[in-house]
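Good morning, colleagues. I would ask you to keep the structure on the screen in view while I go through its contacts, its cores and a few backbone details.

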Amino acid sequence: MESLARGGTRWKRFAVVMVPSVAATAAIGVALSQGALAASFSVSGQQFKVATDRLDGTGFVQYGAIDAQKGGKQVPVAVSGFSNAKIRNLCQSVVVPVPVFGDVSMKLSAGGGDTPVEAKNLYIDLDQLSADATFNNIDIGVAAGSTTKGPGMHKGDKADPGSFAQQADSATLTHVRQTAWATTAGTFKLSGLKMSVAKGKSECF
C-alpha cells in the first residue's frame, strides 16, 4: 500500500529546486572542463546537464546544502546521494564559452547498450530536475545528520546536520532531465563510453 511516509510513493513529472525532492541523475564522475567537481571544492560558475532513461538506486538520501563558487558566490542545492546506482542511457553535456572562438560543447554518453553505468556512493548537487519517480520505504522529514538508509551526508558539504532531509531504501527514476553544479562518486563503471567535442551548443536536452 502506498503512503507518503512509509511504503512506496510515486510522484509523476515533477520539477525541484530544493528539498523535498529526489535527485534523478547519475552525473558522470569525470571532470568535464568546468563541470563535475566534488562539493567540498569550489564549483565553477557553470552548470551541466544530465539526461538518462532510467536510474535504479539503493540507499537514497537527500538534503539541502550550499555550494561555493571560486569567486565566492554561494548557490543553494539539493544534494542527493545513492549508495549504489545503475543508470541506463546516460548523457552529460556542458557548454564552455571560449573567448574569441565562441561556445564549445562537450558531450559524454554511456550505458546505452545491455550493460548499464554503475556507480557507488554517488552524490549530486542539483537545482533543477524533472522525472518520474518511485520510492520504496521513504521517510520524509528526517534530520540530515541522522539518515541511515543511504550513504549519509557527504564529507565537506556546507549543510546543517539538523536540517530537513528525506531517505528511502530504494528509488527508481525514469525520463530524467536535470541541471547540476557538481557530482562526486566513489567509483564509476562506464560501459560503452563515448565523448565528443563540437563548436556551438550541442546539449543532452
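Asp-139, Lys-149 and Asp-169 are joined in a network of salt bridges. Please bear in mind throughout that this is a predicted model. Within the network, the side chains of Lys-149 and Asp-169 meet at 3.8 Å, N to O. That pair connects distant parts of the chain: Lys-149 sits in the loop between β5 (117-143) and β6, Asp-169 sits in strand β6, and 20 residues separate them. Are these two side chains placed in buried or exposed positions, or in between? Lys-149 has a relative accessible area of 21%, so it is classed as partly exposed. Asp-169, at 34%, is likewise partly exposed.

How many salt bridges does a search of the whole structure find? The search returns four. One of them pairs Glu-203 with Lys-49, at 3.7 Å from N to O. Here too the pair links distant parts of the chain, with Glu-203 in the segment after β8 and Lys-49 in strand β2 (residues 48-68), 154 residues apart. Glu-203 is partly exposed, because its relative accessibility is 31%.

Another salt bridge joins Asp-56 and Arg-54, whose closest N and O atoms are 2.8 Å apart. Asp-56 is partly exposed, with a relative accessible area of 29%. Arg-54 is partly exposed as well, at 36%.

I turn now to the covalent link. The count of disulfides comes to one. Which residues form this disulfide? The partners are Cys-91 and Cys-204, with their sulfur atoms 2.0 Å apart. This pair also links distant parts of the chain: Cys-91 belongs to strand β3 (residues 74-98), Cys-204 to the segment after β8 (194-199), and the two are 113 residues apart. For those interested in the geometry, why is the disulfide of Cys-91 and Cys-204 called left-handed? The torsion about the S-S bond is about -85°, and the disulfide is therefore left-handed. Both ends fall under the 20% limit for a buried residue. Cys-91 is buried at 15% relative accessibility, and Cys-204 is buried at 19%.

The segment after β8 thus appears in two of the links I have described: Glu-203 lies there in its pairing with Lys-49, and Cys-204 lies there in its pairing with Cys-91.

Next, the nonpolar interior. The largest nonpolar core has 28 residues, and the members that touch the most others are Phe-82, Phe-135 and Leu-173. Strands β2, β3, β4 (102-110), β5 and β6 each supply at least two residues of this core. Which strand gives the most to this core? That strand is β5, with ten residues. Apart from this core lies another, of eleven residues, including Val-75, Val-77, Val-142 and Trp-181.

Phe-82 deserves a few more words. Phe-82 is located in strand β3. Its relative accessible area is 0%, so Phe-82 is buried. Along the chain, Phe-82 and Gly-152 are 70 residues apart, while their C-alpha atoms are separated by 9.0 Å.

Strand β6 offers a polar contact to consider. Thr-183 is found in that strand. With a relative accessibility of 5%, Thr-183 counts as buried. What lies 2.9 Å from a polar atom of the side chain of Thr-183? The backbone oxygen of Tyr-123 is at that distance.

Finally, I would draw attention to two backbone torsions. Phi of Asn-89 is near 55°, a positive value in a residue other than glycine. Asn-89 is in strand β3. Asn-89 is partly exposed, with 37% relative accessible area. For His-175, phi is also near 55°, again positive in a residue other than glycine. His-175 belongs to strand β6 (residues 164-184). At 45% relative accessible area, His-175 is partly exposed.

Let me close by returning to strand β6. This strand holds Asp-169 of the salt-bridge pair with Lys-149, as well as His-175 with its positive phi and the buried Thr-183. Strand β3, in turn, contains Phe-82, Asn-89 and Cys-91. I thank you for your attention.

Conventions. Residues are numbered from 1 along each chain as its sequence is written. This is a predicted model: local features need pLDDT of at least 70, side-chain atom pairs count only at pLDDT 80 or more; totals for chains, interfaces and linings use all residues. Side-chain values use heavy atoms; hydrogens and water are left out. A disulfide is a pair of cysteine sulfur atoms within 2.5 Å. Helices (H or I, at least four residues) and strands (E, at least two) are DSSP runs, numbered from the N terminus. Buried means under 20% relative accessible area, exposed over 50%, partly exposed in between (1.4 Å probe, protein chains only). A polar contact is a pair of N or O atoms within 3.5 Å; within protein, one must be able to donate a hydrogen and the other to accept it, and residues adjacent in sequence count only if both atoms are side-chain atoms. A nonpolar core is a set of buried Ala, Val, Leu, Ile, Met, Phe, Trp, Tyr and Cys residues joined through side-chain atoms within 4.5 Å.
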